Amino acid sequence: MTSKSRLREKAQVLDDAALDRALTRIAHEILERNGGAKDLAFVGLRTRGVTLAQRLAAKIASIDGAQTPVGTLDITLYRDDLETIGPKPVIGETRIPADLTGKHVVIVDDVLYTGRTVRAALDELADFGRPKRISLCVLVDRGGRELPIQADIVGKMVKTVAGDRVEVMVEEVDGRDQVDLVR
């Protein structure tokens with residue numbers, strides 16, 4: 001190992017059971033804050049936020065019996081650092097399930113860090129109507145905000161320092177459910 005190499009430590013923050021419990025708690029909190037599932041709509045941020053939003057909708061269906069629409073948001077063209085990601089950014093699908101006017105839209109993401117992704121999501125959502133309310137739900141809040149954005153519902157708070165990375169893995173994308181902190 002050279003002097004320029006870094007030692008990396010990996011610590012598990014959530015295993016599959018803890019991740020599932022966090023999502024169950026989040027689903028209950030969403031229902032409590034909204035007074036049920038009426039007028040709820042989930043919008044997941046690509047990539048893992050979409051999977052988490054789908055799981056939350058399934059949990060709400062099993063708790064409340066209501067079918068909650070789930071949309072997908074790709075914020076690539078709304079990023080404030082678009083020029084730094086190259087001349088041909090990969091753009092994914094944005095799919096909004098219904099008119100958002102009058103709905104309580106819950107933006108779902110895996111990790112909240114600087115707040116810039118959420119700012120871009122809010123900008124893009126404005127192109128699809130005027131929701132009655134927008135809430136932010138994240139699986140992990142790692143601190144380190146650069147913008148005044150705060151999650152309404154958080155699965156797990158994780159203290160991090162500069163250079164740390166939070167890795168969220170979900171079965172549907174990564175083959176397992178787990179959250180790790182990499183130092």
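Helices here are DSSP runs of H or I with at least four residues, strands are DSSP runs of E with at least two, and both are numbered from the N terminus. You're looking at a predicted model, where local features need pLDDT of at least 70, side-chain atom pairs count only at pLDDT 80 or more, and totals for chains, interfaces and linings use all residues. Residues are numbered from 1 along each chain as its sequence is written, and side-chain values use heavy atoms, with hydrogens and water left out.

**Stop 1: the whole chain**

Start with everything shown. The protein has four helices and eight strands, and along the sequence they come in the pattern β-α-β-α-β-β-α-β-β-β-α-β. The C-alpha atoms fill a box of roughly 60 × 40 × 30 Å along the principal axes. How does the radius of gyration fit a compact globule of 183 residues? The protein has 17 Å and such a globule would have a value near 16 Å, so the two agree. That radius is taken over C-alpha atoms, and the globule rule is 2.2 Å times the number of residues to the power 0.38.

Now try colouring by burial. Buried means under 20% relative accessible area, exposed means over 50%, and partly exposed is in between, using a 1.4 Å probe and protein chains only. Of the 183 residues, 46% count as buried.

**Stop 2: strand E4**

Select residues 104-112, which make up strand E4. Why is this strand largely enclosed by the rest of the structure? Because nine of its nine residues are buried.

Add residues 40-45, strand E2, and you'll see E2 and E4 paired in the parallel sense over five bridges. (Two strands pair if DSSP finds at least two bridges between them.) To find one of these bridges, pick Leu40, whose partner in E4 is His104.

Next, add strand E5, residues 133-141, which runs parallel to E4 and is joined to it by eight bridges. Here, Asp109 has Val138 in E5 as its bridge partner. Follow the chain from E4 through helix H3, residues 116-125, to E5, and you trace a right-handed β-α-β crossover. Right-handed means that, with the strands pointing away from you, the path from the first strand over the helix to the second runs clockwise.

**Stop 3: helix H2 and the loop before it**

Pick Arg46 and Thr47: a cis peptide bond joins them, with omega about 5 degrees. Thr47 sits in the loop between E2 and H2.

Then select residues 48-64 for helix H2 itself, which has 17 residues and reaches 24 Å from its first C-alpha to its last, close to the 24 Å expected at 1.5 Å a residue. Its buried residues include Val50, Leu52, Leu56 and Ile60. What do the buried residues of H2 pack against? Show helix H1 (16-34), E2, strand E3 (70-73), E4, E5 and helix H4 (171-174) to see the answer. Just after H2 comes Gly65, whose phi is positive, near 80 degrees.

**Stop 4: two aspartates**

Go to Asp39, in the loop between H1 and E2. This residue isn't a glycine, yet its phi is positive, about 65 degrees. At 27% relative accessibility, Asp39 counts as partly exposed.

Finish at Asp180, in strand E8, residues 178-182. Is Asp180 buried or exposed? At 2% relative accessibility, Asp180 counts as buried. Now select Gln12 too: the two are 168 residues apart in sequence but 4.3 Å apart in space, C-alpha to C-alpha. Leaving aside neighbours within four places in sequence, Asp180 has contacts (heavy atoms within 4.5 Å) that include Lys10, Gln12, Arg165 and Met169.

Technical notes: Expected span 1.5 Å × (residues − 1).
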